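I opened this complex to look up how its parts touch and how far to trust the model. My notes follow.

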Amino acid sequence: MPANNITKKSIFVRKRFWFMLIAALIFLPPLSLFFQFTADSNFCGSWCPRMFFVWRKGMTISAYLLGFLRSYMGVALVFGILGSTFFFGRYWCSHLCPVGSTMEGGSRLLPKFLKINYSSVPAPSFRYGYLAVYFIASAVGIGSLCCNYCNFATVPRIFGAAFMPSDMSYFIRSAGLINLGLVVGLGFIAKGGRAYCNLLCPIGALDAISNRLGLKFGKRMSIDSEKCNGCNACAKVCPTWSIEVKEKKAAIDQLSCMPCRECEKVCAKEAINYDKHTG
Amino acid sequence: MTKKIMFFLFAVCISLLAATYRWTDSAHSIGLIKAKGGEARHASTLESGKDTYTLIATATVIPPYRGDARVVLEGDPELDYKIYSSDPVIDLKIRRQPKFKDNVLYDLRPKDRLALWVVIKPPVLDPVCNMTYQNEFTKEHMDGKDYFFCSDGCRATFMKNPQQYKGRENVRGNYTLAFYDTKTEKAVLRVPLIFKGKGETKDAGEQHH
């Protein structure tokens with residue numbers, strides 16, 4: 001009897017689309033289920049994951065800590081994301097984030113000729129330049145990137161605008177239109193749909209650091225270089241352009257990788273696995 | 001390595017530009033609703049001359065206040081405005097929330113948090129006497145812009161010295177988004193809103209969504 005070489009893929013590989021869809025349905029309008037437990041209607045308010053850790057010029061320590069209390073669900077979410085990433089990789093980003101899922105899903109629905117390929121941009125360099133200003137601009141009091149440019153405020157309102165005049169109001173402002181432009185340009189019409197996540201998401205930037213720091217302790221996407229033949233198929237499907245093929249061998253940048261496992265799906269040599277990182 | 005450094009610096013520059021740019025057609029106010037008057041964290045400033053403005057007014061109810069509050073945008077001349085509440089589309093009634101209807105917040109209770117979106121459409125004014133535009137006004141086109149006048153007198157005054165009056169066709173000055181308790185008619189929060197001329201809006205305060 002011939003050996004069965006076909007390994008059954010994990011549910012996180014086979015059903016990623018469903019994880020993304022369910023997360024979007026739970027978090028986004030019209031249901032906005034989780035937010036209703038805290039009398040909120042979106043990520044703004046107690047679920048805000050992007051403001052509580054930013055120090056603003058002139059604020060006192062008690063005001064800073066009060067921000068943590070005010071956004072208590074956002075605090076729980078961020079620490080939950082960073083903790084789970086440390087051990088298991090960035091599953092929040094790849095499977096559960098409703099905002100990233102929406103942009104990736106939207107990108108998949110659009111034809112290829114509309115897509116912009118951002119893979120020539122060195123993502124970590126751009127991302128941490130943005131993150132540096134994200135922290136410093138508020139701390140020195142010259143401005144803020146927190147709310148003015150936030151896809152966590154924009155994407156839920158894209159869905160809500162069909163039902164709610166308050167959400168529609170978001171897009172009749174200049175800032176709302178710019179945010180919509182960023183979501184479309186770096187999300188919907190980006191190849192892979194994850195350019196916003198990879199370049200401008202402050203949670204993604206912090207999460208990538210947690211991913212890198214926990215490399216030796218947890219599971220990550222890794223490549224068996226013995227099996228890899230450098231065919232480049234994995235690099236082509238990577239939505240965060242974190243795979244590079246050099247000298248016929250692929251390598252993953254753990255500062256950008258999220259375990260969407262699209263590379264694992266297309267690897268004919270089964271050289272890519274989600275496993276304890278070895279090297 | 002050079003490419004990485006270049007992109008890092010590019011990101012820093014473009015992000016600095018974005019962070020320091022101030023949107024002047026929208027503002028965010030933060031306030032506390034209190035039985036004895038309430039308080040706004042800062043005045044919200046908008047640049048006059050736009051067609052539409054948005055003010056996002058967020059507030060927290062401070063104990064022991066509870067009641068219903070009517071929300072009004074006050075100032076002269078009157079502005080055309082609509083107020084919307086950020087309620088869930090499908091309200092599963094998991095947690096009680098104050099209800100907003102006909103510009104009244106019903107059943108406010110201690111520690112409630114609310115977010116209202118105020119969409120403002122300012123009227124066009126006669127630049128000389130500042131009367132609000134009416135159908136019988138006459139129009140004068142100058143430098144690619146229409147100006148409207150209530151009378152020939154105002155029109156003649158404007159034409160004599162247009163530079164003195166240009167810009168005054170836009171709403172300027174102080175307004176207030178006031179929250180009045182419907183029983184006592186006393187203000188439980190007053191949010192200052194200032195319309196300033198171009199280049200005068202640097203002190204607009206931190207802008208949130």
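I began with the contact between the two chains in this predicted model. Chain A puts 41 residues into the contact, and chain B puts in 35 residues. I then asked which elements of chain B give two or more residues to its side. I found helix H1 (2-20), strand E6 (80-85) and strand E9 (113-121) of chain B. H1(B) gives the most to that side, with 12 residues. I also sorted the chain B side by residue class and got 17 nonpolar, 11 polar and 7 charged.

Next I looked within chain A. Chain A divides into domain 1 (12-213) and domain 2 (219-276). I noted 25 Å between the centres of these two domains, taken over C-alpha atoms. In the contact between them, 20 residues belong to domain 1 of chain A and 15 residues to domain 2 of chain A. On the domain 1 side, I listed helix H1 (11-14), helix H6 (91-96), helix H8 (123-140) and helix H13 (202-213) of chain A, each supplying at least two residues. I sorted that side of domain 1 of chain A as well: 8 nonpolar, 7 polar and 5 charged.

Last, I looked up the confidence scores. The predictor gives the complex an ipTM of 0.92 and a pTM of 0.91. For chain B I noted an average pLDDT of 91, with 95% of the residues scoring at least 70. Where in chain B does pLDDT stay under 50? I found this over residues 203-209 of chain B, for which the model has 24 contacts beyond four places in sequence.

Definitions and conventions:
Residues numbered from 1 in each chain as written. Chains lettered and ligands numbered in written order. Predicted model: local features only at pLDDT ≥ 70, side-chain atom pairs only at ≥ 80, totals over all residues. Domains from an automatic or database assignment. Contact = placed C-beta atoms within 7 Å. Helix = DSSP H or I, 4+ residues; strand = E, 2+ residues; numbered from the N terminus. Nonpolar A, V, L, I, M, F, W, Y, C, P; charged D, E, K, R; others polar. pLDDT = per-residue confidence, 0-100.
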